[in-house]
Amino acid sequence: MLSKTVDTFDEIFDVIVVGYGFGGAVAAINAHDAGAKVLLAEKMPNPGGISICSGGGLRLPHDRDATFAYLKATNDGTTPDNILEAFVDEMVQIDEYVQELIKVNGAQIKRTERPGNYTFPGYDKMYFLQIDEIPGFDPKRDYAYANALSGGPFMFKVLQDNIAARGIEERLGVSAKRLITDGDGAVSGIWLDDGNGPKAFEAKQGVILACGGFEHAPEMQRQYWQINPVYTAAFVGNTGDGIRMTTDLGADLWHMWHFHGTYGFRHPDLPFAIRTKRLPDWVPGVREAEAPMSWILVGKNGRRFMNEYDPYMQDTGHRGMDRVDPMQMGQPYVPCYMILDDEGRALYPLGQTMFNDSDYENYEWSRDNLKEVQNGLIKKADSIEELADMIGCPSEELVATVESWNVSCDTGADDMGRPPKSMVPLRKPPYYLAEVWPCVSNTQGGPVHDEKRRVVNAYGEPIKRLYTAGELGGIWGSLYLSGGNLTECFVSGRIAGRAAAGEAER
């Protein structure tokens, strides 16, 4: 076992940043610009983390106070006001900051009006900022290892070019093993391993952990989440390293139950979940759902059990599946079953892959879903009764479910709360069935931090010289704000980078 104290170090830096996604990159840039000698270490062979898989949009405020009110409401008392205040104070500066960053490569900014997902006060006072174009940049060529939603590679390219322009030292394939402390309990360095054995690296001013959450840590998930199993939809590099390292030093934890997730499919040859098609978000009473959702979900008993189309389905889509049958100590809706007819099958691709991993080829989901019928991801049946046999439920239950659903489609009223325009009847054979599992895009839990992004213990006392950035212990404690994690990468990276570089040298 690696010791937490050492007498000599193998290499020395001022600030060491662990994790090279958006959060780590912004932290490294800000620590460097504040005068520190920085090392940026990433355990995976390619940079980008989970951030590069995203849509790349930063959620920013038109109105500072209104945005604070919205974050306060959606966090529902789980994040202290002073931390939210500091977050929003930094948020209002991000647009101007990105304008400075894009000078490195001539990137173009696109701003889109987009309200929050829920009608709490301030929901309509925010917008999205994305990178729209970069001269000479081809994401499929330059980041062939990353299969992204859309804009993630563009924003990462801006950050990576800024890292390169500053000459910040970066090392890939280097994993963090354990934090090192001095005699007073302050962080003095970290054990890093490039595959040739761990070495002790000194951080004279501080360590910033931007190594993500625990999307690919099933043992950790099992202890904090009732729902299981849950499969990562994007990145196998986030295995809870930062949580283990910080709790080793007495860090308190928060938001561990909360993850940004939905439901999707499992391909036997991939360690990733394949998310269902991203249908447009909607806002109850403001912007209604217009897109048809071609499926319903049923449990092992053949009955519907949830609204398949929450307003922000990519965040809370999994929550209806999170139930336990105490009589059996099992989860009746994990997996559950997607049911659709032939007209629904032909509407659009049901799945979409997004991941950052060069070890796996991109799985291209077919436009008409017929490739998935052929390879067994989707099963085909001539009747509803045949579908019931595949599930193993009483045929009369599934038949009644489909008949009731079709009546609801005709009337436009669903007792589960499905938006009327999303409702598509199931009448045209053949019919189709697919196993559906909960999946996680990113976690929100981790070590508690203060308004300076310093990690704190159970008594609210900062652990000296230890900071976090990005999704590791993020602020999102109840409902997530679309684009919020990427905004947090910028906000927390700026705060932590400046603060760590401002520490007096050991």
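Q: Why does Lys 452 count as partly exposed?
A: In this predicted model, Lys 452 has 42% relative accessibility. Buried means under 20% and exposed means over 50%, so a value of 42% puts Lys 452 in between, as partly exposed.

Q: Where does Lys 452 lie, and what does it touch?
A: Lys 452 is in the loop between strand S21 (446–447) and strand S22 (454–456). Leaving aside residues up to four places away in sequence, Lys 452 touches Tyr 467, Ile 495 and Ala 499.

Q: What makes Arg 453 buried?
A: Arg 453 has 3% relative accessibility. The cut-off for buried is under 20%, so Arg 453 counts as buried. Its place is also in the loop between S21 and S22.

Q: What is notable about the phi of Arg 453?
A: Arg 453 has a positive phi of about 70° although it is not a glycine. As background, most residues other than glycine have a negative phi.

Q: Which other residue, just after H2, takes a positive phi?
A: That is Asp 76, with a phi of about 55°. Asp 76 is not a glycine either, and its place is in the loop between H2 and H3.

Q: Is Asp 76 buried or exposed, and how do you know?
A: Asp 76 has 58% relative accessibility. Exposed means over 50%, so Asp 76 counts as exposed.

Q: How do you know that the length of helix H2 agrees with what is expected?
A: Helix H2 covers residues 64–75, which is 12 residues. At 1.5 Å a residue it should span 16 Å, and its end C-alpha atoms are 17 Å apart, so the two agree.

Q: What caps the N-terminal end of H2?
A: Asp 63 does: one of its side-chain oxygens lies 3.1 Å from the backbone nitrogen of Asp 65. The cut-off for a polar contact is within 3.5 Å, so a distance of 3.1 Å meets it.

Q: Which residues of H2 are buried, and what covers them?
A: The buried ones are Ala 66, Thr 67, Phe 68, Tyr 70, Leu 71, Thr 74 and Asn 75. Their cover includes strand S3 (58–61), helix H3 (81–91) and strand S5 (126–133). A helpful bit of background: an α-helix has 3.6 residues a turn, so residues three or four places apart point the same way.

Q: What makes the span of helix H13 agree with the expected one?
A: H13 runs over residues 395–411, giving 17 residues. At 1.5 Å a residue these should span 24 Å, and the end C-alpha atoms are 25 Å apart, so the span agrees.

Q: What do the buried residues of H13 pack against?
A: They pack against strand S15 (296–298) and helix H12 (384–391). Among the buried residues are Leu 398, Val 402 and Trp 405.

Q: Why is His 258 called buried?
A: Its relative accessible area is 0%. Because buried means under 20%, His 258 fits the term. His 258 is found in the loop between strand S12 (253–254) and strand S13 (259–266).

Q: What lies 3.2 Å from a polar atom of the side chain of His 258?
A: The backbone oxygen of Ser 478 does. Residues touching His 258 also include Asp 315, Arg 319 and Trp 476.

Q: Why does Val 491 count as buried?
A: Val 491 has 2% relative accessibility, and the cut-off is under 20%, so the word buried applies. Val 491 is found in helix H14 (residues 484–501). Not counting residues up to four places away in sequence, Val 491 touches Phe 87, Glu 90, Met 91 and Ile 94.

Q: How many cavities of 30 Å³ or more does a search of the whole structure find?
A: The search finds one. The largest cavity has a volume of about 60 Å³, and its lining includes Phe 87, Arg 453, Val 491 and Ile 495. H3 and H14 are the elements that give two or more residues to this lining.

Q: What kinds of residue line the largest cavity?
A: The lining divides into six nonpolar, two polar and three charged residues.

Q: Which peptide bonds are cis, for example at Pro 335 and Pro 430?
A: One joins Val 334 and Pro 335, with omega about -5°. Another joins Pro 429 and Pro 430, where omega is about 0°. For background, most peptide bonds are trans.

Notes. Residues are numbered from 1 along each chain as its sequence is written. This is a predicted model: local features need pLDDT of at least 70, side-chain atom pairs count only at pLDDT 80 or more; totals for chains, interfaces and linings use all residues. Side-chain values use heavy atoms; hydrogens and water are left out. Helices (H or I, at least four residues) and strands (E, at least two) are DSSP runs, numbered from the N terminus. The expected span of a helix is 1.5 Å times one less than its number of residues. Buried means under 20% relative accessible area, exposed over 50%, partly exposed in between (1.4 Å probe, protein chains only). Contact means heavy atoms within 4.5 Å. A polar contact is a pair of N or O atoms within 3.5 Å; within protein, one must be able to donate a hydrogen and the other to accept it, and residues adjacent in sequence count only if both atoms are side-chain atoms. On a 1 Å grid over the protein atoms alone, a cavity is a set of points where a 1.4 Å probe fits but cannot get out, and a pocket is an open set with protein on both sides within 12 Å along at least five of seven lines; lining residues have an atom within 4 Å of a point. Grid points are joined across faces, edges and corners, and a volume is the space filled by probe spheres set on the points. Ala, Val, Leu, Ile, Met, Phe, Trp, Tyr, Cys and Pro count as nonpolar, Asp, Glu, Lys and Arg as charged, and the others, Gly among them, as polar.
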